[in-house]
Amino acid sequence: MKFVVNTLHAAHAAHQEIFRGRLVPAFETPARAEGIAAALRDAGWFDGGLQLPARDHGRAPLERVHAPAYLDFLEGAWGEWLASGGDAQADAFPAVWPVRTLRDDVVPRNFVARLGLYSMDSGTPLTAGSWAAANGGAQAALTGLAALRAGERAAYVLTRPPGHHAGADFFGGYCFVNHAAVAAQAALDAGARRVAILDVDYHHGNGTQAIFYARRDVFYASLHGDPMTEYPFYLGHADERGVGDGLGCNANYPLPAGASNDAWFAALAAALERLRAYDPELLVVSLGVDTYVGDPISHFRLDRPEYARLGMALAAFGRPTLFVQEGGYATDAIGLNVLAVLRGFDGGGAAEAGA
Ligand SMILES: [Zn+2]
């Protein structure tokens, strides 16, 4: 197992977010990544050459899944926010969106209008360092992929903000660049024919699904809170199976908020069975641990033994595996939860499960 850390993650440090009508301290913070790094360091997992420096692969791999105009927008957004009168001490929040009957094919000159055009919600503060951190995450994911191509069995990419809600041309759900999608596409561009993405974050990865929905070369499978009640609400239902060439290459397993661990693992087994039949050359895991019983914004019940069991199941899948960090908002527990998954994967699962 190799580790790649997005050392630019802390450039994105939101002050506040809108939650139930109020501005509250942001849930998605640099402390999340610091907690994971501390747990991995304490376990000795950053030693002995296991940690790789993220290498810059440039913007071209991002443009394989994101619209160049959207990436241009992200790169320049903070400067435009300030130029348009935005407060340097506050974060930029979209306030208007081109919903049904409004045009989204015309790019307005007004910055606030473009902020809405390129976003899906008001829950994602855009900050001075959002682009640097998100781009850094993509570069870290590409570095992890390079380690797999060099023969590693697995790599873990420690990054934030997360990526799986980001679509080809919009941000949302704390996500700006879809790191898992960038890595999956890069694997295909390097010669792979079939890549599987398994998304175990509490929330459906609407961005990842949408990017590959009409494609056969990526199979997207996701276990998540039922979108009838859980974010992102407008995608992630069981009847979304792909379209056109991609029909049959998308599988969603929505579970009710509060679902039992037995139900979660039954869904995991079903997803892995589908992926096994697909026979991918590479498995990308969108590793959110906001499925944790103590997560402040989610409603599943997984704990350390279950995370170790997840790691073991992923190891048993038997393909080169790229873990990309997604959600997980119980900052004091996130590190040990991630460590449990990776230990389970690496064969120490039994000890972890008994701890
Ligand atoms: Zn999540």
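The following exercises with worked solutions concern helix packing, a zinc site and a loop residue in a predicted model.

**Exercise 1.** Determine how helix α1 is oriented relative to helix α10, and classify the residues of their contact.

*Solution.*
Step 1. Two packed helices are described by the angle between their axes and the distance between the axes.
Step 2. Helix α1 spans residues 30-42 and helix α10 spans residues 334-346; their axes cross at roughly 50° and come within 7 Å.
Step 3. Angles under 35 degrees count as roughly parallel and 65 to 115 as roughly perpendicular; α1 is therefore oblique to α10.
Step 4. The crossing in which α1 passes α10 is right-handed.
Step 5. On the α1 side, the contact involves Arg32, Gly35, Ile36, Ala39 and Leu40, which meet Ile334, Gly335, Leu336, Val338, Leu339 and Leu342 of α10.
Step 6. Sorted by class, this contact of α1 with α10 comprises eight nonpolar, two polar and one charged residues.

**Exercise 2.** Describe the packing of helix α9 with α10 by angle, axis distance and handedness, and list the residues that meet.

*Solution.*
Step 1. Helix α9, residues 304-317, packs with α10 at an angle of about 35°, and the axes are 6 Å apart.
Step 2. α9 passes α10 in a crossing that is right-handed.
Step 3. From α9, Arg304, Tyr307, Ala308, Leu310, Gly311, Met312, Leu314 and Ala315 take part; they meet Leu336, Asn337, Ala340, Val341, Gly344 and Phe345 in α10.
Step 4. The contact of α9 with α10 divides into ten nonpolar residues, three polar and one charged.

**Exercise 3.** Which residues coordinate the zinc ion, and how are the donor residues spaced in sequence?

*Solution.*
Step 1. Coordination of the zinc ion is provided by Asp201 (OD), His203 (ND1) and Asp290 (OD), at 1.9 to 2.1 Å.
Step 2. The sequence spacing of these donor residues is D-x1-H-x86-D.
Step 3. Histidine 203 lies in the loop between β6 (195-199) and α7 (206-212), whereas aspartate 290 lies in the loop between β9 (282-287) and α9; the pair, 87 residues apart, links distant parts of the chain.
Step 4. Buried means under 20% relative accessible area. Histidine 203, with 9%, is therefore buried, and aspartate 290, with 0%, is therefore buried.

**Exercise 4.** Locate glycine 44 and state its accessibility class.

*Solution.*
Step 1. Glycine 44 is found in the loop between α1 and β4 (51-52).
Step 2. The partly exposed class lies between the limits of 20% and 50%; because its relative accessibility is 26%, glycine 44 counts as partly exposed.
Step 3. A separation of 24 Å is computed between the C-alpha atoms of glycine 44 and leucine 142, which are 98 residues apart along the chain.

Key. Residues are numbered from 1 along each chain as its sequence is written. This is a predicted model: local features need pLDDT of at least 70, side-chain atom pairs count only at pLDDT 80 or more; totals for chains, interfaces and linings use all residues. Side-chain values use heavy atoms; hydrogens and water are left out. Axes are lines fitted to C-alpha atoms, for helices over the stretch in contact, and angles run from 0 to 180 degrees between N-to-C directions. Helices (H or I, at least four residues) and strands (E, at least two) are DSSP runs, numbered from the N terminus. Angles under 35 degrees count as roughly parallel, over 145 as roughly antiparallel, 65 to 115 as roughly perpendicular and the rest as oblique. A crossing is left-handed if the near helix is turned anticlockwise from the far one by less than a right angle, and right-handed if clockwise. Contact means heavy atoms within 4.5 Å. Ala, Val, Leu, Ile, Met, Phe, Trp, Tyr, Cys and Pro count as nonpolar, Asp, Glu, Lys and Arg as charged, and the others, Gly among them, as polar. Donors are N, O and S atoms within 2.8 Å of the metal (3.2 Å for Na, K and Ca); water is not among the atoms, so sites may look incomplete. Buried means under 20% relative accessible area, exposed over 50%, partly exposed in between (1.4 Å probe, protein chains only).
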